[in-house]
Amino acid sequence: MKLAMFAPLFSASSQVSDRTGSALSLLVRLAFASVLLPFFLNSLLTKVDGFGLSTGAYVQILPTYMESVGYDASQVPVALKLVVLAGTLAELALPLMILIGLGTRLAAFGMIGFVAVMSLTDIYGHGIDAATVGAFFDTDPYGLIADQRLLWAVLMVMLMVVGGGRLSADAFVSRWLRSASVPAHA
């Protein structure tokens, strides 16, 4: 029996084939759709009121500021209103972009930033207790912030590495752009 066939299993690094990358991208996007998409869409619903931002959006994103103004959203300056609007739009757009694989690498990078800001807001703005935050390597898988959001970020890093794959809007756009390009004349 030739043992050399097992060498790729133990190589220090190897390139991911196009098929493997596409399958991995689809798997990660489906896991995201199953676990995180409902989380983000439910959170989004708490931030909108009809066609505008709810007071809940301001309270969730600017908790200490809202407390200081007696939870009166009319007291929020325009610059902070834009921050809340941008965060709310990101909570809608980024998960949907990941789901369909549109701008996958950029959307995944944006989600990492979004999750980092969300986590810091939970910890410092909402005063989440240390037991809920948890810590890396603490052997407690129930620390919601550190452990869960690290896993979320790892999924996003995987998408940043492999992209959208063959079954994504990225692949469709790429094929469309190639077919629509006109050769340059010399």
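Where in the chain is G101 found? Select it in your viewer and you'll land in the loop between α4 and α5 (104-125). Before going further, keep in mind that this is a predicted model.

**Getting your bearings**

Zoom out and colour by secondary structure. The chain has eight helices and two strands. Walking from the N terminus, you'll pass the elements in the order α-β-β-α-α-α-α-α-α-α. There are 186 residues in the chain, and buried ones make up 30% of them. Now turn on a surface: the chain exposes about 11900 Å², with carbon and sulfur atoms supplying 70% of that. If you draw contacts between residues with a separation of 6 or more, 60% of them join residues 24 or more positions apart.

**Stop 1: G101 and its neighbours**

Go back to G101. It sits just after α4 and takes a positive phi of about 75°. Is G101 buried or exposed? G101 counts as buried because its relative accessible area is 0%, and the cut-off for buried is under 20%. Show what surrounds G101: leaving aside residues up to four places away in sequence, G101 touches R29, S168, A169 and D170.

Next, add S25 to the selection. The C-alpha atoms of G101 and S25 are separated by 8.7 Å, although the two residues are 76 apart along the chain. S25 has its place in helix α1, and S25 is buried too, at 0% relative accessibility. Light up what S25 touches, again skipping residues up to four places away in sequence, and you get L159, V162, G163, G164 and G165.

**Stop 2: along helix α4**

Select 78-100, which is α4. This helix has 23 residues and reaches 33 Å from its first C-alpha to its last, close to the 33 Å expected at 1.5 Å a residue. Look along the helix for a kink of about 25°, centred on A90.

Which residues of α4 are buried? Pick out V84, G87, T88, A90, E91, L94, P95 and I98. Here's a handy rule for reading such a list: an α-helix has 3.6 residues a turn, so residues three or four places apart point the same way. To see what the buried residues of α4 pack against, show α1 (18-45), β1 (48-49), β2 (52-53), α2 (55-61), α5 and α7 (144-162).

**Stop 3: the nonpolar patch**

Turn the surface back on and select L92, L96, L99, I100, L102, F172, V173, W176 and L177. Together they make a nonpolar surface patch of about 780 Å². Two helices, α4 and α8 (169-180), each supply at least two of the patch residues. Click on L99 for a close look: this residue is in helix α4, and at 31% relative accessibility L99 counts as partly exposed.

**Stop 4: three salt bridges**

How many salt bridges does a search of the whole structure find? Three, so let's visit each of them.

Start with R166 and D18, whose closest N and O atoms are 2.8 Å apart. R166 lies in the loop between α7 and α8 while D18 is in helix α1, so this pair ties together parts that are 148 residues apart in sequence. Both ends are partly exposed: R166 has a relative accessible area of 45%, and D18 has one of 48%.

Then select K47 and E91, which form a salt bridge with the closest N and O atoms 2.9 Å apart. This pair links distant parts of the chain, with K47 in the loop between α1 and β1, E91 in helix α4, and their positions 44 residues apart. K47 is buried, with a relative accessible area of 6%. E91, which you met in the list of buried α4 residues, has 2% relative accessibility.

Finish the set with D122 and R149, where the closest N and O atoms are 2.8 Å apart. D122 belongs to helix α5 and R149 to helix α7, 27 residues apart. Both D122 and R149 are buried.

**Last stop: A153**

While you're at α7, click on A153, which has its place in that helix. A153 is partly exposed, with a relative accessible area of 22%. Add G113 and draw a distance: the C-alpha atoms of A153 and G113 are separated by 9.2 Å, and the two residues are 40 apart along the chain.

Note on methods: Residues are numbered from 1 along each chain as its sequence is written. This is a predicted model: local features need pLDDT of at least 70, side-chain atom pairs count only at pLDDT 80 or more; totals for chains, interfaces and linings use all residues. Side-chain values use heavy atoms; hydrogens and water are left out. Patches are made of residues with over 30% relative accessible area and no salt bridge: like charges are joined within 9 Å, nonpolar side chains (Val, Leu, Ile, Met, Phe, Trp, Tyr) within 5 Å. Accessible areas come from the Shrake-Rupley method with a 1.4 Å probe; for residues, only the protein chains shown count as cover. A salt bridge is a side-chain nitrogen of Lys or Arg within 4 Å of a carboxyl oxygen of Asp or Glu. Helices (H or I, at least four residues) and strands (E, at least two) are DSSP runs, numbered from the N terminus. Buried means under 20% relative accessible area, exposed over 50%, partly exposed in between (1.4 Å probe, protein chains only). Contact means heavy atoms within 4.5 Å. The expected span of a helix is 1.5 Å times one less than its number of residues. The bend at a residue is the angle between axes fitted to the seven residues ending there and the seven starting there.
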